[in-house]
Amino acid sequence: MMPLLSNDYLMEIYRLKTLVRYNHRLRLTNESVAEHSFFTALFVLEICDKLSISGELKAKSIEYALLHDVPETILSDVPSDVKDLSESLRMLLQTFEDSFMETNYPDYALYNKDDEIFAIVKLADLYSVRQYCMVEAALGNKTLDFADAVNERIDRLEKELIKRFTAEDDCGII
């Protein structure tokens, strides 16, 4: 009998545990992509609960949070500030990530094209970055110059989501 999950798949996904995020920065602690994905999924759950998001949107958001960085098994972690250096690089990486997801996770490949799912997961992703910055700062790391920008993006996206979902709730949609 053929196993449900191949050994190749198990080994490929295990890479998420060994891939270190923020690999181009001075840091006091390491965070793996697997740890980040777990925190992102947990934060999606909390965000959905706080905004009274349930059902299929909540489930799909959690699924996408767990999968959103799986292409890094091939690409490794390319931090946002590196992607910001070149629009061509950002587009190339996005094209690869889209292709990877379409090939390996076709049922989930379009989640990043869904504005609501993408916004919820992006906010959770940013909360995970904030969490890491807070831990590093608490340990004495003074080199994380991107923490303020992350907080600004969180504030902006959070306001957007609150407005979107509380406006719908006021209309009786949720």
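Student: So a helix here is a DSSP run of H or I with at least four residues, numbered from the N terminus; where is the place of Leu19, then?

Tutor: Keeping in mind that this is a predicted model, you will find Leu19 in the loop between α1 and α2.

Student: Is Leu19 buried or exposed there?

Tutor: Leu19 counts as buried, because its relative accessibility is 15% and the cut-off for buried is under 20%.

Student: And which residues does Leu19 touch?

Tutor: Leaving aside residues up to four places away in sequence, Leu19 touches Glu31, Ser32 and Val33, and also Glu72, Thr73 and Ser76. Asn151, by contrast, is 132 residues from Leu19 along the chain, and the C-alpha atoms of the two are separated by 24 Å.

Student: What about Tyr22, where is that found?

Tutor: Tyr22 is also a residue of the loop between α1 and α2, and at 6% relative accessibility Tyr22 counts as buried. Its phi is positive, about 55°, although Tyr22 is not a glycine.

Student: You mentioned Ser76 as a contact of Leu19; what is its phi?

Tutor: Ser76 has a positive phi of about 70°, and Ser76 is not a glycine either. Ser76 is found in the loop between α4 and α5, where its relative accessible area of 27% makes it partly exposed.

Student: Switching to helices, which residues of α2 are buried?

Tutor: The buried residues of α2 are Val33, His36, Ser37, Thr40, Ala41, Phe43, Val44, Ile47 and Cys48. Viewed down the axis of α2, these buried residues fall within an arc of 170°, so they line one face of the helix.

Student: What do they pack against?

Tutor: The buried residues of α2 pack against α1, α3, α4 and α7. Just after α2 comes Ser52, which takes a positive phi of about 55°.

Student: How many residues does α6 have, and what should they span?

Tutor: α6 has 18 residues, which at 1.5 Å a residue should span 26 Å, and this agrees with the 25 Å between its end C-alpha atoms.

Student: Which residues of α6 are buried?

Tutor: Those are Leu93, Glu97, Asp98, Phe100 and Met101. They cover an arc of only 160° around the axis, which puts them on the same side of α6. Their cover includes α1, α3, α4 and α5, whereas Ser88, Met91, Leu92, Thr95 and Thr103 are exposed on the other side of α6.

Student: Okay, cavities now: how many of 30 Å³ or more are there?

Tutor: A search of the whole structure finds one, and the largest cavity has a volume of about 40 Å³.

Student: Which residues line the largest cavity?

Tutor: Ser76 comes up again here, since the lining consists of Glu72, Leu75, Ser76, Val78, Lys83, Leu93 and Glu97. Sorted by class, the lining has three nonpolar, one polar and three charged residues, and α4 and α6 each supply at least two of the lining residues.

Student: And what volume does the largest pocket have?

Tutor: The largest pocket has a volume of about 940 Å³. It is lined by 36 residues, and those nearest its centre are Ser80, Lys83, Arg90, Lys122 and Asp125.

Student: Which helices each supply at least two residues of that lining?

Tutor: α5, α6, α7 and α8 each do so, and by class the lining of the largest pocket has 16 nonpolar, six polar and 14 charged residues.

Note on methods. Residues are numbered from 1 along each chain as its sequence is written. This is a predicted model: local features need pLDDT of at least 70, side-chain atom pairs count only at pLDDT 80 or more; totals for chains, interfaces and linings use all residues. Side-chain values use heavy atoms; hydrogens and water are left out. On a 1 Å grid over the protein atoms alone, a cavity is a set of points where a 1.4 Å probe fits but cannot get out, and a pocket is an open set with protein on both sides within 12 Å along at least five of seven lines; lining residues have an atom within 4 Å of a point. Grid points are joined across faces, edges and corners, and a volume is the space filled by probe spheres set on the points. Ala, Val, Leu, Ile, Met, Phe, Trp, Tyr, Cys and Pro count as nonpolar, Asp, Glu, Lys and Arg as charged, and the others, Gly among them, as polar. The expected span of a helix is 1.5 Å times one less than its number of residues. Buried means under 20% relative accessible area, exposed over 50%, partly exposed in between (1.4 Å probe, protein chains only). The arc is that of the directions from the helix axis to the C-beta atoms. Contact means heavy atoms within 4.5 Å.
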